[in-house]
Amino acid sequence: MQRITIDPITRLEGHGKIEIFLNDDGSVANTYFQIPELRGFERFCVGRPIEEMAVITGRICGVCPEAHHMAAAKAADAVYHVEIPRPAKLLRELLYSAFYVTDHTTHFYALGGPDFVMGPDAPVAERNILGVIHKVGLEIAGKVLQARKAGHTVIEMIGGRKVHPCTSIPGGLSKGITKEQRDEIEKMGRWAIEFAQFSLKLFGDIVLGNKAYVDLILGDIYTHRTYSIGTVDENNKVNFYDGKVSVVDPEGKRLGKYAASEYTDWIAEHVEPWTYLKFPYLKKVGWKGFVDGKDSGVYFATPLSRLNSADGMATPLAQAEYEKFYKTLGGKPVHQRLTIHWARLIELLYAAERWVELVTDPEITSDNFRTIPTEKPMEGVGIVEAPRGTLTHHYWTDERGIVTKANLIVGTTNNYAPITMSIKKAADSFIKKGVVVSEGILNRVEMAFRAYDPCFGCATHSLPGQMPLQVTIRDARGEVVQVLRQFCD
Amino acid sequence: MLLCSPAVGFGDVKVLVLGLGNPLLGDDGVGWRVAEQVKERVADPDIEIDFHSGGGLSLMERLIGYNCAIIIDALNTGRKPQGNVDCFRLEDLPNTAQSHLASAHETTLRTAIQVGRTMGADLPNDIIIVAIEAQNVYDFSEQLSPAVASAVPQAVELVIGQLVNRSTS
């Protein structure tokens with residue numbers, strides 16, 4: 001097979017670019033998925049005070065600024081060696097739980113969900129939130145917007161702004177909440193629990209009740225047997241805000257757990273010449289290429305992997321759903337990637353239950369929300385679970401707390417290798433003897449990576465069913481055989 | 001060319017001027033820069049000038065309650081010179097627009113508006129886009145590149161022109 005160098009400097013102009021290389025017999029040899037990456041962030045941070053990171057990093061991504069805010073805030077606490085007071089932990093986690101409710105809701109109903117609810121063979125024009133509304137009723141749209149509004153109200157009350165929180169500072173928070181706010185937050189939280197249960201029921205009726213969908217979900221095309229990672233609390237239950245990262249092998253055995261400060265012992269990054277983005281992998285297992293299995297260091301970080309890496313959910317309703325999930329799918333761990341959409345709904349329920357748990361804690365309205373740091377700053381790591389994967393912020397500072405170096409592993413970066421593998425698998429099933437057998441390939445390729453809820457930052461401008469995508473197929477000599485495009489001029 | 005419907009003349013007519021984009025991503029912040037300058041020159045109780053970073057649903061939610069919205073954003077079509085300024089209604093936006101009007105985690109703004117209208121949300125009849133062609137939207141920087149920076153005054157005049165025409169029609 002001829003070697004082709006793909007120049008990573010080529011601008012992708014906001015659309016995903018996939019190159020497929022074929023063997024002599026016309027089967028797929030390799031696929032390469034290139035995404036435009038936001039560049040220079042680590043350099044941009046240098047010279048700024050560490051406490052600014054919680055506000056600046058929120059601007060990396062317009063969708064999960066809350067995740068970056070929290071990871072940066074925890075890293076700043078670590079840099080200053082300060083333990084935040086319990087009320088501050090409660091408040092941060094409460095904000096974060098409300099954020100999860102909005103984010104998972106939006107993803108399920110507006111983004112990945114439509115593939116599922118409408119079915120992967122539904123026409124492109126219907127595979128979006130409007131199609132979902134049409135299928136399940138107008139009420140849904142109202143509930144989705146209400147869930148978003150409730151979540152963003154909580155974020156504003158605790159975080160200072162509706163979308164980009166700014167109240168976390170080294171040692172805690174700059175403000176607490178009033179009793180009136182607490183009451184309102186509890187009311188919204190209880191509504192959120194009902195909404196999450198409604199969503200799971202909807203999913204059960206529409207998806208699980210339909211054999212064709214179930215076959216697709218359980219099918220091999222979107223299945224990869226890799227390691228799973230996710231943050232767990234001291235009881236090994238899923239936690240989005242704090243804990244240790246649990247690593248579980250493809251058969252379900254736990255390899256270990258690591259604290260934020262230990263991540264470099266566990267995660268290393270592999271470089272490929274055809275893309276800016278690096279491929280994280282498990283150091284203790286080693287990089288063996290884009291392959292499945294216990295001996296391959298490839299891992300994934302998503303709602304599904306979080307459920308796989310934990311022993312259960314910390315709240316009762318979500319725990320019941322967790323058990324039902326694994327019972328239905330034949331045990332732990334589960335590897336069919338489309339079930340990420342289902343796992344996401346279980347997390348939605350947990351987030352809502354946790355929201356109510358936290359807001360009804362007597363210390364939530366305490367005014368002890370900050371401990372002033374006294375130690376000299378140096379280096380620190382903060383890890384949280386972003387909705388789309390484990391998020392790691394690592395900063396080095398000088399003795400004044402000015403950033404000298406930064407390293408971020410964002411949610412989707414964890415999944416770059418598995419996404420690449422899922423795309424290849426989708427391509428495999430649509431290309432025989434060098435010929436694309438179905439136009440459906442573009443839809444199926446999109447679905448493959450949309451299950452991971454990939455965040456390519458503000459750089460990729462795309463939407464479900466209308467993602468600008470170019471797929472170039474080359475034969476064994478590297479000559480272009482076919483170019484498939486959608487929504488690009 | 002006036003793209004906003006003439007003001008009906010009632011006191012509760014409200015216009016939203018929204019700078020859209022990410023101020024940390026180089027030219028992606030041009031919408032904010034333009035909105036900042038418009039804000040310095042316009043003081044009218046019926047005109048609100050604000051800044052936003054999201055797309056799709058969150059952008060739609062921000063538009064609720066206004067009669068007319070003017071959204072200023074970077075647009076990366078690759079087919080116009082850097083700094084080119086265009087103005088058109090949302091309905092006329094090319095389908096493959098690379099701007100915050102179609103973002104990775106949302107629906108397009110058009111779909112989101114449909115969702116909102118279907119639910120009876122009070123959304124503007126007139127949504128005008130002021131688009132500045134910009135390619136350097138992937139690198140972290142607080143500066144605009146020269147071609148895009150020099151387009152800012154033109155875009156500001158365009159926005160103000162729309163506002164003035166609207167109120168005197």
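Student: Where does Leu255(A) lie?

Tutor: In this predicted model, Leu255(A) lies in strand β7 of chain A, which covers residues 254-258.

Student: And why does Leu255(A) count as partly exposed?

Tutor: Count its C-beta neighbours. Leu255(A) has 18 of them inside 10 Å. To be buried, a residue needs 20 or more, and to be exposed, 12 or fewer. Leu255(A), with 18, therefore counts as partly exposed.

Student: Which residues is Leu255(A) in contact with, leaving aside its neighbours within four places in sequence?

Tutor: Val247(A), Val248(A), Asp249(A) and Lys284(A). The test is C-beta atoms within 7 Å. For a C-alpha separation, take Tyr227(A): its C-alpha atom is 9.3 Å from that of Leu255(A), and the two residues are 28 apart along the chain.

Student: What sheet does β7 of chain A belong to, and in what order do the strands come?

Tutor: An open sheet of four strands, in the order β7-β6-β5-β10 of chain A, with mixed pairing.

Student: What makes β7 and β10 of chain A stand at the edges?

Tutor: Each has a single partner strand, so one side of each is left without a neighbour in the sheet. β10 is residues 299-300.

Student: How do you know that β5(A) and β6(A) pair?

Tutor: Pairing takes at least two bridges. Five bridges join β5(A) to β6(A), and these strands run antiparallel. As a landmark, look for Thr231(A), which stands opposite Val245(A) in β6(A).

Student: What is unusual in the loop between β5 and β6 of chain A?

Tutor: Asn236(A) lies in that loop, between β5 (227-232) and β6 (244-248). Its phi is positive, near 65°, and it is not a glycine. Most residues other than glycine have a negative phi.

Student: Is Asn236(A) buried, exposed or partly exposed?

Tutor: Asn236(A) has 17 other C-beta atoms within 10 Å. That falls between the limits of 12 and 20, so Asn236(A) is partly exposed.

Student: Which residue in the loop between α3 and α4 of chain A should I check for phi?

Tutor: His81(A) lies in that loop. It has a positive phi of about 50° without being a glycine. With 15 other C-beta atoms within 10 Å, His81(A) is partly exposed too.

Student: Let's move to the helices. Why are α8(A) and α13(A) called roughly antiparallel or roughly parallel?

Tutor: Start with the angle. The axes of α8 (residues 179-208) and α13 (residues 340-359) of chain A cross at roughly 160° and come within 8 Å. Angles over 145 degrees count as roughly antiparallel, and α8(A) and α13(A) are therefore roughly antiparallel to each other. Their crossing is left-handed.

Student: What makes the contact, and what kinds of residue are in it?

Tutor: From α8(A), the residues include Ile185(A), Ile193(A), Leu200(A) and Phe203(A), and from α13(A) they include Trp342(A), Leu345(A), Leu349(A) and Val356(A). The residues of the contact divide into 14 nonpolar, three polar and four charged.

Student: Where does the cis peptide bond come in?

Tutor: It joins Lys332(A) and Pro333(A), with omega about -15°. Pro333(A) lies in the loop between α12 (316-329) and α13 of chain A. Most peptide bonds are trans.

Student: Which residues of helix α6 of chain A are buried, and what covers them?

Tutor: Ile129(A), Gly131(A), Val132(A) and Ile133(A) are the buried ones in α6 (residues 129-136). The cover includes α4, α5 and α7 of chain A together with α3 (109-118) of chain B. After α6(A) comes Gly137(A), with a positive phi near 115°.

Student: What makes β11 and β13 of chain A edge strands?

Tutor: Each pairs on one side only. They belong to an open sheet of three strands, β11-β12-β13, with antiparallel pairing. The twist averages 15° from one strand to the next.

Student: How do you know that β12 pairs with β13(A)?

Tutor: The cut-off is at least two bridges, and six bridges join β12 (residues 389-397) of chain A to β13(A). Thr397(A) stands opposite Val403(A) in β13(A).

Student: Which helix lies across β11 and β12 of chain A?

Tutor: Helix α3 (residues 65-79) of chain A, running at about 150° to β11(A).

Key: Residues numbered from 1 in each chain as written. Chains lettered and ligands numbered in written order. Predicted model: local features only at pLDDT ≥ 70, side-chain atom pairs only at ≥ 80, totals over all residues. Axes fitted to C-alpha atoms, helices over the stretch in contact; angles between N-to-C directions. Helix = DSSP H or I, 4+ residues; strand = E, 2+ residues; numbered from the N terminus. Parallel < 35°, antiparallel > 145°, perpendicular 65-115°, else oblique. Left-handed = near helix turned anticlockwise from the far one by under 90°. Contact = placed C-beta atoms within 7 Å. Nonpolar A, V, L, I, M, F, W, Y, C, P; charged D, E, K, R; others polar.
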